[in-house]
Amino acid sequence: MDTAVQARPRGGTGHAVRAVGLVVAIGVLVLVFVLSLWVGSRDIPFASTWHVLLHNDGSTEAVIIHDLRVPRGLMGLLVGGALGLAGALMQALTRNPLADPGLLGVEMGAATAVVVAIAFTGVSTVTGYIWFAFAGAAAASVLVYVLGSSGRSAATPERLVLAGAAITAVLVAFVSAVLVLDTQAFNSFRFWDVGALAGRKMDAVAQVAPFILVGVALALGLARSLNVLALGDQTGKALGANLGRTRALGALAVTLLCGAATAAAGPIAFIGLTIPHVARMIAGSDQRWVLPYSLVLAPILLIGSDVVGRVVIAPAELQVGIVTAFLGAPVFIALCRRRKLAQL
Amino acid sequence: MSAPARERAAVRGRVVRTAHVSFRVAERAVVVCLALLAVVVGVGLVTLTTGDFELTVPEVVKALLGQGDGASDFIVLTLRLPRLVTGLLVGAALAVSGAILQSLSGNPLASPDIIGFVQGSATGAILVIVLADGSMVQIGAGAVVGGVATSAVVYVLAFKQGVQGFRLILIGIGVSFVMLSLNKYLITRASLSDAIAAQAWQVGGLNGRGWEHAQVVGAAAAVLLPLALYFGRRLALMEMGDSTAKGLGVDSERTRLALIAISVGLAAVATAAAGPVSFLALAAPQLARRLTGSSGAGLVPAALMGALLLTAGDLAVQRLFSPAQLPVGIATGALGGLYLIWLLAHEWRRGVAR
């Protein structure tokens with residue numbers, strides 16, 4: 001693959017330009033968030049949306065906005081940001097542009113735990129799945145990391161990638177076997193598996209928010225070390241970087257972010273893999289910019305898709321996991337064709 | 001692979017020189033291939049002899065030669081052999097397909113799904129299942145149409161003064177996700193029984209496969225596998241990058257298109273016959289590569305490894321879980337995954353960094 005020729009980080013883009021771009025992106029995110037409070041299956045005029053948002057007067061509109069749309073929007077913000085950031089982190093850690101946060105086994109671990117919860121414990125509510133999913137995600141990623149680093153030196157990218165693929169395959173086999181044999185479990189699982197934000201209340205937001213916020217802080221703190229990591233193991237070591245520590249902390253952050261996001265909304269695969277590429281197309285390959293851009297761009301796509309999902313087949317809803325790919329892929333493909341592809 | 005390892009690979013093996021030709025024989029690869037072949041034959045024999053109705057090896061051989069009695073003839077030639085042959089061919093086809101794509105993209109994560117094939121074929125098959133309630137042959141046809149159409153769309157979208165490998169992969173991912181979402185949507189909208197059928201198809205299975213499947217895959221493999229081996233010789237040159245390959249006399253654009261077409265063709269017939277046994281295409285080339293210790297694509301060992309994984313997996317689901325008819329994809333994932341885990345852990349304890 002001759003990416004080296006195609007993809008030099010563009011030198012012309014200064015810090016100021018990238019900062020302005022980031023501010024614009026945040027502005028768009030705020031707009032999309034407000035839009036998600038306003039648009040829904042029940043028509044509420046914009047002015048009264050604003051009014052009841054500030055003054056909770058107990059009316060039906062106020063209940064809809066405070067109990068349904070605000071938590072859902074916040075959940076979109078958290079989940080989207082977490083997935084985008086986890087994706088950027090994972091691609092930087094493994095130096096593999098095909099890496100998505102699911103690669104550490106996080107998503108499949110969560111799915112396995114949810115299947116176990118459905119099939120063997122009788123848990124059947126979305127909020128009931130959260131702790132199962134989170135435990136599964138953590139267990140799977142620890143397993144992948146231990147297998148990936150069970151050599152003389154610390155975990156190298158390719159080991160992690162292959163270890164993740166291997167453990168994911170075993171978990172997939174287990175999940176498929178359970179689902180083939182237990183059709184009732186499959187019936188519940190297929191609705192979790194699409195990925196959705198509908199029905200997430202404030203208590204679910206409070207459940208996952210601490211994990212995601214810690215993960216975000218951890219990830220953003222790693223940006224400099226990740227830049228050194230991008231120079232390769234030898235150079236990185238020569239420059240005094242602690243590769244093992246960076247990888248371990250990075251893996252921890254990915255687990256927190258992606259585990260919490262998957263637990264909250266189900267597997268939404270598209271965002272983690274593609275948003276970091278868009279971020280690199282805009283901001284070059286400097287992780288100090290790629291990570292914040294991913295953090296802001298991802299929830300724009302996720303909340304925007306959620307709004308579209310409520311409108312297109314109203315009064316029914318299309319799950320956000322489905323809309324995300326349909327909305328995001330054409331933009332992503334157009335960008336791939338237009339721009340020079342930024343290397344890792 | 002690191003530079004010292006590549007140097008080691010360059011001097012490994014024995015060079016045969018005659019007056020007109022000279023070529024290198026990688027001894028370890030030959031040994032590994034022979035060993036794999038022996039294990040495949042062993043698995044095949046166990047598959048043919050055991051089951052609800054036990055047969056001895058001489059009885060099976062007689063039946064294969066057309067001299068068996070009625071019962072053993074029926075069991076071997078109608079029930080067990082076509083399924084075994086389909087499994088061998090599908091396994092080999094998927095493994096070669098994956099090996100080609102991993103080599104072309106220089107990425108161990110590459111398999112037919114990076115160019116949209118797997119998800120596209122699943123969309124085709126699920127549409128046939130959900131909308132038309134089709135037969136097994138129709139589902140297979142739907143899968144081929146869906147897969148080939150999706151791959152063609154990916155190739156066309158990625159074409160911009162030639163296809164650059166990295167752009168092809170990224171666009172393949174984008175399109176794959178669209179198809180994946182569509183599949184999940186169709187599964188949530190379908191009736192439960194249709195959804196179960198679609199889910200089972202997506203895991204990949206060999207239950208009830210007969211000669212009609214074996215013939216189709218066999219015919220396609222007879223054409224495509226030699227072509228893959230012929231073009232596969234250029235893969236080692238392509239791995240050095242487009243400009244180096246061009247300097248060494250390889251028309252890289254045309255070779256890449258040919259190899260992608262072969263890879264898609266192999267994945268298409270395999271998927272039509274057995275569904276997307278997706279992990280196979282990823283794991284078999286990696287396992288083969290680690291056993292032979294070679295750096296190249298190694299299509300022959302990959303094919304043998306694929307055939308072995310699929311037939312051994314099918315044997316396991318048939319014998320361990322009977323009478324439940326589990327799809328073979330489950331066993332392939334578990335078997336291939338566990339083996340890969342063991343191999344990786346073993347390799348790393350020795351401190352072989354790769």
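In chain A, the side chains of A:Asp306 and A:Arg310 meet in a salt bridge, with 3.2 Å from N to O. This pairing belongs to a predicted model, in which the count of salt bridges over all chains comes to six. As background, side chains of opposite charge can pair when their charged atoms come close.

**The pair within helix 14**

- A:Asp306 and A:Arg310 lie four residues apart in helix 14 of chain A, so about one helical turn separates them.
- Both members of this pair, A:Asp306 and A:Arg310, are buried.

**A pair that links distant parts of the chain**

- A salt bridge also joins the side chains of A:Glu317 and A:Arg72, where the N to O distance is 2.9 Å.
- This pair links parts of the chain that are 245 residues apart, since A:Glu317 sits in the loop between helix 14 (287–312) and helix 15 (320–338), while A:Arg72 belongs to helix 4 (residues 60–94).
- A:Glu317 is partly exposed, with a relative accessible area of 31%, whereas A:Arg72 counts as buried because its relative accessibility is 9%, which is under the 20% cut-off.

**The network**

- A:Arg72, A:Asp306, A:Arg310 and A:Glu317 are linked in a network of salt bridges, and so the two pairs described above can be read together.

**The pair of A:Arg288 and A:Asp286**

- The side chains of A:Arg288 and A:Asp286 meet in a salt bridge as well, at 2.9 Å from N to O.
- A:Arg288 has a relative accessibility of 36% and therefore counts as partly exposed, while A:Asp286, at 14%, counts as buried.

Methods. Residues numbered from 1 in each chain as written. Chains lettered and ligands numbered in written order. Predicted model: local features only at pLDDT ≥ 70, side-chain atom pairs only at ≥ 80, totals over all residues. Heavy atoms only, no water. Salt bridge = Lys/Arg side-chain N within 4 Å of Asp/Glu carboxyl O. Helix = DSSP H or I, 4+ residues; strand = E, 2+ residues; numbered from the N terminus. Buried < 20%, exposed > 50% of the residue type's maximum accessible area, 1.4 Å probe, protein only.
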